[in-house]
Amino acid sequence: MARFLHHRPLLLLLAAVSVAIVAASLVRSAAAVRPFVLVLSVDDFLKDSSAHPSLPSADSAGAEGDADEWDDFADDSPGADPLLSPSSWVPLLDPSSSPPPGDGPDSPADSLFVAGARAMLSAASEGDDAAFITAAAQIEAAATAGHPGAQSALAFLSGAGMTRPASRSRAFLLHKFAADAGDLQSKMAIAYSYFRQEMYEEAVVLYAELAEAALTSSLISKEPPVIEPIRLHSGTEENKEALRKSRGEDDEDFQITEYQAQRGNAGAMYKLGLLYYYGLRGLRRDYRKAFHWFSKAVEKGDTRAMELLGEIYARGAGVERNYTEAYKWLALAAKQPHYSAYNGLGYLYVKGYGVEKKNLTKAREYFKLAADNKEAGGHYNLGVLYLKGIGVKRDIIEASNHLLQAVNAGQPKAIYQVAKLFQKGIGLKRNLHMATMLYKSVAERGPWSSLSRWALESYLKGDLGKALLLYSRMADLGYEVAQSNAAWILDRYGDQSICMGESGFCTDMERHLRSHALWWQASEQGNEHAALLIGDAYYYGRGVARDYERAAEAYMHAQSQSNAQAMFNLGYMHEHGHGLPLDLHLAKRYYDQAVEVDSAAKLPVMLALTSLWLRKNYADSFMCSAKSFQNFRFVLLTHCRRYILSLRNG
């Protein structure tokens with residue numbers, strides 16, 4: 001229980017910063033947890049940070065050579081694409097991607113792994129348990145031959161208890177073998193395992209490496225990528241609105257926008273450009289289409305697209321890289337004024353791209369203009385200038401303040417930088433717990449997160465078996481939304497032969513235990529709905545032995561996240577002495593808190609308080625007999641839960 005409370009605050013911050021600012025108006029987040037911001041006190045800062053030995057030596061302000069110290073991830077692509085590594089499932093899912101290993105003159109282990117992985121995905125789609133067992137045997141044979149991707153996949157199967165007894169120790173060992181061979185997905189799984197055990201010394205090293213890989217990956221936007229963690233459920237109901245808006249080009253809203261754009265509506269052209277540029281709402285990212293629609297929007301007078309055209313030319317996204325064109329469009333956008341364009345101009349002056357020469361003074365001025373107008377990129381860039389002493393006197397406190405502003409606005413590069421400060425103890429007091437969670441949020445933006453898109457597409461097509469398999473794979477890597485989605489599919493559709501157990505399709509007990517384990521992991525990462533379901537499972541004995549004390553622990557975890565229903569449940573348990581001491585005063589306190597947190601609880605709490613008043617003042621009357629209260633308890637609790645959920649979920 002203490003571990004839950006220890007992890008919660010910053011994990012909630014990370015959920016709040018998962019969507020890039022540029023496209024925020026287009027994304028309706030199905031939030032799993034309540035948004036928080038990172039707030040530090042003076043006690044978090046080092047008193048004499050300028051003397052820290054880990055800092056590079058400061059050169060004189062304004063020296064042009066300082067630009068070489070610019071810490072940015074936008075210049076070069078990684079030497080090897082993590083998506084096309086031997087362990088990746090994406091080439092098996094995407095027919096338009098490069099051929100996966102095994103289709104060419106690769107080793108027998110490569111071919112065996114690819115054949116097994118393909119067969120496993122197909123078997124999950126078709127609900128063929130015998131084919132799934134055969135596919136798992138192929139993967140195991142490839143793993144025995146030393147194939148890291150097969151070892152990673154076999155670790156996943158072993159940890160989940162698919163086609164073999166569940167064994168966390170064997171799963172960890174297999175992931176370790178794969179990670180030592182360079183498998184990034186297994187590194188994610190091991191880092192998450194360390195994180196859950198609060199082994200931050202080990203977790204922070206892996207998550208730092210993975211976060212850097214995520215930021216340098218050639219397959220994510222070199223500006224903050226947009227991540228849409230679509231939650232399949234809202235409470236106990238399917239999240240129909242979010243799912244409808246995730247259907248890509250099949251969505252009615254998209255088709256209307258496309259029609260308006262084709263009829264010459266500049267705003268619709270700009271919106272289409274954003275959808276394609278960031279890959280929003282179920283669309284595949286398509287830079288060429290984005291460039292087309294941004295260009296059309298500018299022709300029609302929508303100046304917002306100018307800044308993004310400048311970014312496209314600077315990045316070479318869908319067009320040949322051209323810094324001169326980038327400068328032209330960014331300068332035009334800045335005159336409108338679109339303050340985000342000043343970030344791009346500042347960067348060009350730092351690097352000397354598309355301008356006569358490097359000019360750190362101009363760069364700083366542009367970054368400051370952007371920051372003064374609440375642009376997260378401006379705060380990040382100023383933070384880097386002050387952190388490195390580029391064109392300014394190094395000032396770690398000033399750097400930290402700017403970087404924290406960018407962190408709370410969702411800038412992933414800033415999150416990475418602040419994590420590094422916490423890890424190294426530069427400017428900020430060394431805090432590996434904080435560093436680990438920040439790095440984790442950036443690492444989860446890596447290219448391996450693209451499995452969520454395939455999982456969602458499978459779910460929308462009714463391919464529940466493949467959706468469950470892919471979400472379960474991501475759950476193994478530590479993604480809270482995937483843990484929640486996999487658990488929800490198991491609870492809602494698990495009787496449809498989509499869950500693979502130890503020796504075939506899951507028994508009811510296997511399905512309940514796996515769902516329970518996934519909800520538990522999600523609750524550790526701040527999902528209050530998951531904590532409630534765990535409490536219900538223990539309270540009613542669903543899939544586990546009835547245990548009022550553990551139910552109370554789970555409800556307390558949800559209550560710590562200001563969840564009204566959990567507060568009501570705790571009040572009820574105190575009122576009746578179920579797992580908690582019989583205490584009518586504490587019961588009333590929890591009932592009152594439920595109303596303070598959520599006005600939707602007003603009617604159920606009023607009924608509960610009426611029950612409490614009768615129990616207190618007429619304890620010996622017929623109305624308060626055991627049988628009467630037992631019937632009243634059932635009606636009251638059922639009504640309360642339904643009423644709160646109906647109002648909270650709209």
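The paragraphs below go through the cavities, one helix beside the largest of them, and the nonpolar core.

The model is predicted, so local features need pLDDT of at least 70 and side-chain atom pairs count only at pLDDT 80 or more, while totals for chains, interfaces and linings use all residues. Residues are numbered from 1 along each chain as its sequence is written, and side-chain values use heavy atoms, with hydrogens and water left out.

Rolling a probe the size of a water molecule over the atoms shows where empty space is left. A cavity here is a set of points, on a 1 Å grid over the protein atoms alone, where a 1.4 Å probe fits but cannot get out; lining residues have an atom within 4 Å of a point. Grid points are joined across faces, edges and corners, and a volume is the space filled by probe spheres set on the points. The structure has 7 cavities of 30 Å³ or more, and the largest has a volume of about 120 Å³.

Its lining comprises 16 residues, with Ala124, Phe132, Gly465, Ile498 and Met500 nearest the centre. By class, 10 are nonpolar, 3 polar and 3 charged, where Ala, Val, Leu, Ile, Met, Phe, Trp, Tyr, Cys and Pro count as nonpolar, Asp, Glu, Lys and Arg as charged, and the others, Gly among them, as polar. Helices H3 (108–126), H4 (129–144) and H22 (464–476) each supply at least two lining residues; helices are DSSP runs (H or I, at least four residues) numbered from the N terminus. The largest share, 3 residues, comes from H22.

The 13 residues of H22 should span 18 Å at 1.5 Å a residue, and its end C-alpha atoms are 18 Å apart, which agrees; the expected span is 1.5 Å times one less than the number of residues. In H22, 11 of the 13 residues are buried, that is, under 20% relative accessible area with a 1.4 Å probe and protein chains only. Just after H22, Gly478 takes a positive phi of about 105°.

Leu451 lies in helix H21 (residues 451–460) and counts as buried because its relative accessibility is 7%. Beyond neighbours within four places in sequence, Leu451 is in contact (heavy atoms within 4.5 Å) with Trp89, Val90, Leu93, Leu470, Arg473 and Met474.

Trp89 also appears, with Tyr207 and Phe294, among the residues with the most contacts inside the largest nonpolar core, which has 188 residues. Such a core is a set of buried Ala, Val, Leu, Ile, Met, Phe, Trp, Tyr and Cys residues joined through side-chain atoms within 4.5 Å.

Terms used
1 Å grid on protein atoms, 1.4 Å probe; cavity = no way out; pocket = protein on both sides within 12 Å on 5 of 7 lines; lining within 4 Å. Buried < 20%, exposed > 50% of the residue type's maximum accessible area, 1.4 Å probe, protein only.
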